[in-house]
Amino acid sequence: MKHDHNSHPEKNIGFAFFLKISFTLIELIGGYLTNSIAVISNALHDLEDSLSLGVAWFLEKIAKKESTPHFSYGYKRLSLLAALINAIILLIGSIFILSEAIPRLWSPEQSNAEGMIFVSIIGMIVNAIAINKVSKGSTQNEKIISWHLLGDLLSWVAVFIASIIMIFSTITILDPLLSIFITLYIFWGVGKNFKSTTMLFLQAAPESLDIKTVEGFFKEDKLVKDVHNTHLWSLDGESHVLSSHIVVSCEIPQNQVKTLKKRLKNKLLENNIKYSTLEMEFDDEPCKKFHS
Ligand SMILES: [Zn+2]
Ligand SMILES: [Zn+2]
């Protein structure tokens, strides 16, 4: 494989984070000075990006730490806590912006269109620099980030076009309209994240896999007579945890039980279940199971 000096995911993420967070501050000031709620909406979106980049960058350093006697799964769930806090900040931010933008539809306020043009040009430049930096990377994550940044660039193109129209006309409603559109888009995305994060906290089975499916994998094996007490949840949406009771005949030899366990564990690993505990039970022993 070709060695590429530019493909350093953490460094690129760190660079994008500092670029975004400084630009978020510029936008907030710019939005306030130009009295443009559309610019403030873009600032909220860039705050969203900054928070998630900051968390990704921070976790890159911290979350890889191995387990400790106190945190036996390591620090993987820190990302969940961060996602939940981010979602709450952004939901509050979206509601605040909507409560400012919607009344402006009826009583429009004058925004400084020339100032908006200036801020949107900086917005386009900043995102172009970030795209140029990140698109040099080759990881899947960096590709996703490039596409995302392209969307951000387009939202500045929209502000740019709207402010040019506002210079030549009296359509002041364009600013709150654009703002509502951008904010609803943020709200929708954050709402989805908020839901999936909450599900992870509540230890729901992963979206892509449920208990019936996993028990089905076990039952496909001829040696498995019954499966019960299966619990399946996800640490962070990527690494899943499972425990289950597997019933086998008390007459099969020990080495067959061992190979059965190995087969089942491999099947689980293929499905991202990285932490599994299988209790091998013989059909002549009683189990105090909770019927489910
Ligand atoms: Zn963005
Ligand atoms: Zn049992």
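**Reasoning from values to terms**

Me: Why is Asp46 called buried?
Reply: In this predicted model, Asp46 has a relative accessible area of 1%, and because the term applies under 20%, Asp46 counts as buried.

Me: What makes Lys20 buried or exposed?
Reply: The relative accessibility of Lys20 is 4%; the limit for the word is again 20%, so Lys20 belongs with the buried residues.

Me: Why is the pair of Lys20 and Asp46 called a salt bridge?
Reply: The side chains of Lys20 and Asp46 meet with N and O 2.7 Å apart, and since the definition asks for a Lys or Arg nitrogen within 4 Å of a carboxyl oxygen of Asp or Glu, the pair qualifies as a salt bridge. Because Lys20 sits in helix H1 and Asp46 in helix H2, the contact ties together parts of the chain that are 26 residues apart in sequence.

Me: What makes the contact between Asp152 and Lys20 a salt bridge?
Reply: The closest N and O atoms of Asp152 and Lys20 are 2.8 Å apart, which is to be set against the limit of 4 Å, and the contact is therefore counted as a salt bridge. Asp152 lies in helix H5 and Lys20 in helix H1, so this pair joins parts that are 132 residues apart in sequence. Both of these residues, Asp152 and Lys20, are buried.

Me: Why does the pair of Asp283 and Lys225 count as a salt bridge?
Reply: The distance from N to O between the side chains of Asp283 and Lys225 is 2.9 Å, and because the cut-off is 4 Å, the two form a salt bridge. Distant parts of the chain are linked here, with Asp283 in the segment after S3 and Lys225 in the loop between H7 and S1, 58 residues apart.

Me: What accessibility terms apply to Asp283 and to Lys225?
Reply: Asp283 has a relative accessible area of 35%, and as the middle class runs between the 20% and 50% limits, Asp283 is partly exposed. Lys225, with 54%, falls in the class for values over 50%, so Lys225 is exposed. Turning to how salt bridges combine, those that share partners join Lys20, Asp46, Asp49 and Asp152 into one network. The whole structure holds six salt bridges.

Me: Which residues coordinate the zinc ion (ligand 1), and what makes them donors?
Reply: The zinc ion (ligand 1) is coordinated by NE2 atoms of His45 and His148 and by OD atoms of Asp49 and Asp152, with Asp152 listed twice, at 1.8 to 2.5 Å. Since N and O atoms within 2.8 Å of this metal count, these atoms are donors. Along the chain the donors follow the spacing H-x3-D-x98-H-x3-D. His45 and Asp49 both belong to helix H2, where they are four residues apart, about one turn of the helix, and both are buried.

Me: Why is Gln110 called exposed?
Reply: Gln110 has a relative accessible area of 61%, and because the class begins over 50%, the word exposed applies to Gln110. Gln110 is located in the loop between H3 and H4. When residues up to four places away in sequence are not counted, Gln110 touches Asn35 and Thr172.

Me: What makes S1 and strand S2 a pair?
Reply: Seven bridges join S1 to strand S2 (residues 240–248), whereas at least two suffice for pairing, so S1 and S2 are a pair, and they run antiparallel. His228 stands opposite His245 in S2. Helix H7 (residues 211–220) packs on the sheet, touching S1, S2 and S3, and its direction makes about 135° with that of S1.

Me: Which strands are the edge strands of the open sheet?
Reply: The open sheet has three strands in the order S1-S2-S3 with mixed pairing. Strand S1 (226–234) and strand S3 (273–282) each pair on one side only, and these are the edge strands.

Me: Which residues touch the most other members of the largest nonpolar core?
Reply: The largest nonpolar core has 33 residues, and those touching the most other members are Val39, Leu149, Trp156, Val159, Leu178 and Val190. Helices H1, H2, H3, H4, H5 and H6 each supply at least two residues of this core, and H4 gives the most, with eight. Apart from this core lies another, of 18 residues, including Phe218 and Leu264.

Note on methods. Residues are numbered from 1 along each chain as its sequence is written. Chains are lettered from A and ligands numbered from 1 in the order in which they are written. This is a predicted model: local features need pLDDT of at least 70, side-chain atom pairs count only at pLDDT 80 or more; totals for chains, interfaces and linings use all residues. Side-chain values use heavy atoms; hydrogens and water are left out. A nonpolar core is a set of buried Ala, Val, Leu, Ile, Met, Phe, Trp, Tyr and Cys residues joined through side-chain atoms within 4.5 Å. Buried means under 20% relative accessible area, exposed over 50%, partly exposed in between (1.4 Å probe, protein chains only). Contact means heavy atoms within 4.5 Å. Axes are lines fitted to C-alpha atoms, for helices over the stretch in contact, and angles run from 0 to 180 degrees between N-to-C directions. Donors are N, O and S atoms within 2.8 Å of the metal (3.2 Å for Na, K and Ca); water is not among the atoms, so sites may look incomplete.
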